[in-house]
Amino acid sequence: MMGAGFHGGMFWRREQKGPTRVSRELLLRVVSQFGPYRKQGALALVVIAFSAGVGLVSPLLIRAIIDQAIPSRDFSLLAVLSLGMVITPAFGGLLGVLQSYLNAQISQRVMFDLRNKLYEHVQGLSLRFFTTVKTGEIMSRLNNDVSGINRVVNETMAQSVMQVLTLLSTIALMVSMEWRLALSSLVMVPLALAAARPVGNRRFDMQHVSQRFQADMTAIMQETLNISGFVLMKSFGREAYERTRFSAKNRELMNIQISVSMLGRWFRMLLQVLEAAGPAVVFLFGGYLVLNGEMSLGTIIAFVALLARLYGPLSQLANTQLEVMGALALFERIFEYLDMKPDITDKPGAAPLPSPVRGRVAFRDVTFEYTPGRPALSHVSFEAEPGQLVALVGPSGAGKTTTTYLIPRFYDVTDGRIEIDGQDVRNVTVASLRDGMGIVTQETYLFNTTIEDNLRYARPDAMHEEIEAACRAARLEDLIAQMPDGLHTVVGERGYRLSGGEKQRLAIARVLLKDPRILILDEATSSLDSQTEALIQAALGPLMEGRTTLAIAHRLSTVLAADKLVVLDQGRLVEMGTHRELLARGGLYAELFEIQFKPQLTEALKAPANGQPTNGPAVPLVASRGAVG
Ligand SMILES: Nc1ncnc2c1ncn2[C@@H]1O[C@H](COP(=O)(O)OP(=O)(O)OP(=O)(O)O)[C@@H](O)[C@H]1O
Ligand SMILES: [Mg+2]
């Protein structure tokens, strides 16, 4: 829209849209963020207008002193006028304090709203968003970009209004005093303003790049300075590489920040020269007018005082324009996120899943593509009756995890449909759908808080007895008894202070507490020692009891206990039946069984000799599950 000469986009590339200019749309949208605070805003404007007016009083007082009080030798008038020169700035100062207060109120509230809005919005986005974006990038927008707005609103937007008002009122007063002198001292103003524009556009671009570098850096920190990334970096000895990568981004950031702060500096120098030249013009031309008897001496002095009020705001205003444009770049980045449409939403008028949930899960000719044209699942149909255990088996990358993601609508099917109790999952509310479902993921995620808090995440209002019962069922009570703080032991970042098996059992206890009708279980692939394996197996027994379970099976016990095995290969359902039936068929499952499950049989047979816990259904080779429903 402006500054056509800077359209090159040499500073930043944007994949989809290309360089964006400050558009009307963007401006309107930014302004609309302030809508809820228009009362405070209006009040702030009134205060600003008063401050601008107050500033005009002093030059008028000066003129009165020189043209009236001194020539008429009226000392009392002189004293009153001088006193006025002290009182007016003091009053102006008070107004300034009030103005700062109002600014802070408005800007902090707008940031508060934006942060909440952003968090809520990003939370509502689907898994697809999180698999395509870097976490650090999100953090950066929530932190850096939103805080950047504060500076702008507080220092810049209000100031620019103040400066415009000061400029206009000063010019008006100058013109009314002596229009010819005013004109001669204002000649340079339009020139200065015109020069500000391209500088502003350039600054806008650079601000954008700078924010991107900042986000990149946050992403590197995020990726390498968390436990998993740290271990990875250390184990592959890539510290130097990461340091170089970080330092390269850091350097780019530094360079661009230096350019940003230097940009417009020449322009400001030009203004400073103008500032000095102004009074010279006034004395020269004004002096000529005084000599000709066309103007009073007081007017010259008042003009010089007014000029100081003119060039000050002018140079700041040019600066303000740059700041505002930089801020618009920040707003633009924030809006970019806010504009992403959540793709998993409730249909208009969607009703909750009818309760009680019976737990019948059906895939009907389901096809799903992560990337268009490359199906991860094709034409998959199967059913899980209430209370049944259905095991998904198949080689790596067959689409097992994908299958489980579709049920709670982490993604929506591309074709076909998934039904729960005969209801298409897309027709019921997402909240009710997920409410009736429990998911134990392949990798256990824990928050860095106490064991109890992690468990309560499933049900904040759980009674203490219920938590203890869940821990007992998940075979956690011995572990907790050993810990110095028991249930109040902090598990560390992502639960790193617990072993893999302990984390899994904690995850099982967590889902037990939620007590869902439908359970989705992605069994961990990592092989555990036989004792831990037995403990987890024992924990899983009560978990599957009386629920429809869809398990991605990596354990022999699971496939043996399953009512039905669904064998996937390259996104297709290739076999379906019980373990016995499929083994007899001699197909893919029989093959997988030989490689994946059979070795566990020999393991399991050895296990009891090692003094396995005998309580509970440990290693239920052929688990006796009370099928319900
Ligand atoms: N977010 C994603 N974007 C694009 N493709 C994906 C995504 N997630 C998975 N895929 C692809 O979809 C296919 C199925 O993946 P899925 O995770 O369902 O396999 P899996 O059967 O669970 O394998 P494993 O036993 O190794 O966990 C794979 O080819 C995988 O590369
Ligand atoms: Mg998987």
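Two residues count as in contact when their C-beta atoms, placed from the backbone, lie within 7 Å. By that yardstick, and leaving aside neighbours within four places in sequence, Ala509 touches Leu455, Ala470, Cys471, Ala474 and Leu476. This is a predicted model, in which local features need pLDDT of at least 70 and side-chain atom pairs count only at pLDDT 80 or more, while totals for chains, interfaces and linings use all residues. Residues are numbered from 1 along each chain as its sequence is written, with chains lettered from A and ligands numbered from 1 in the order in which they are written.

Ala509 also turns up in the largest nonpolar core (buried Ala, Val, Leu, Ile, Met, Phe, Trp, Tyr and Cys residues joined through C-beta atoms within 7 Å; buried means 20 or more other C-beta atoms within 10 Å). This core has 76 residues, and Ala391, Ile508 and Ala509 have the most contacts inside it. Helix α18 (residues 530-544; helices are DSSP runs of H or I, at least four residues, and strands of E, at least two) gives the most, 8 residues.

Strand β9 (564-569) pairs on two sides (pairing takes at least two DSSP bridges): 4 bridges join it in parallel to β3 (389-393), and 5 join it antiparallel to β10 (572-577). Val390 sits opposite Lys564, and Leu565 opposite Gly577. Between β9 and β10 is a hairpin turn of 2 residues, where Gln570 has a positive phi of about 50°.

As for ligand 1, the residues around it (C-beta within 6 Å) include Thr131, Tyr370, Gly397 and Lys400. Helix α12 supplies the largest share of this shell, 3 residues.

Notes: Buried ≥ 20, exposed ≤ 12 C-beta atoms within 10 Å, placed from the backbone.
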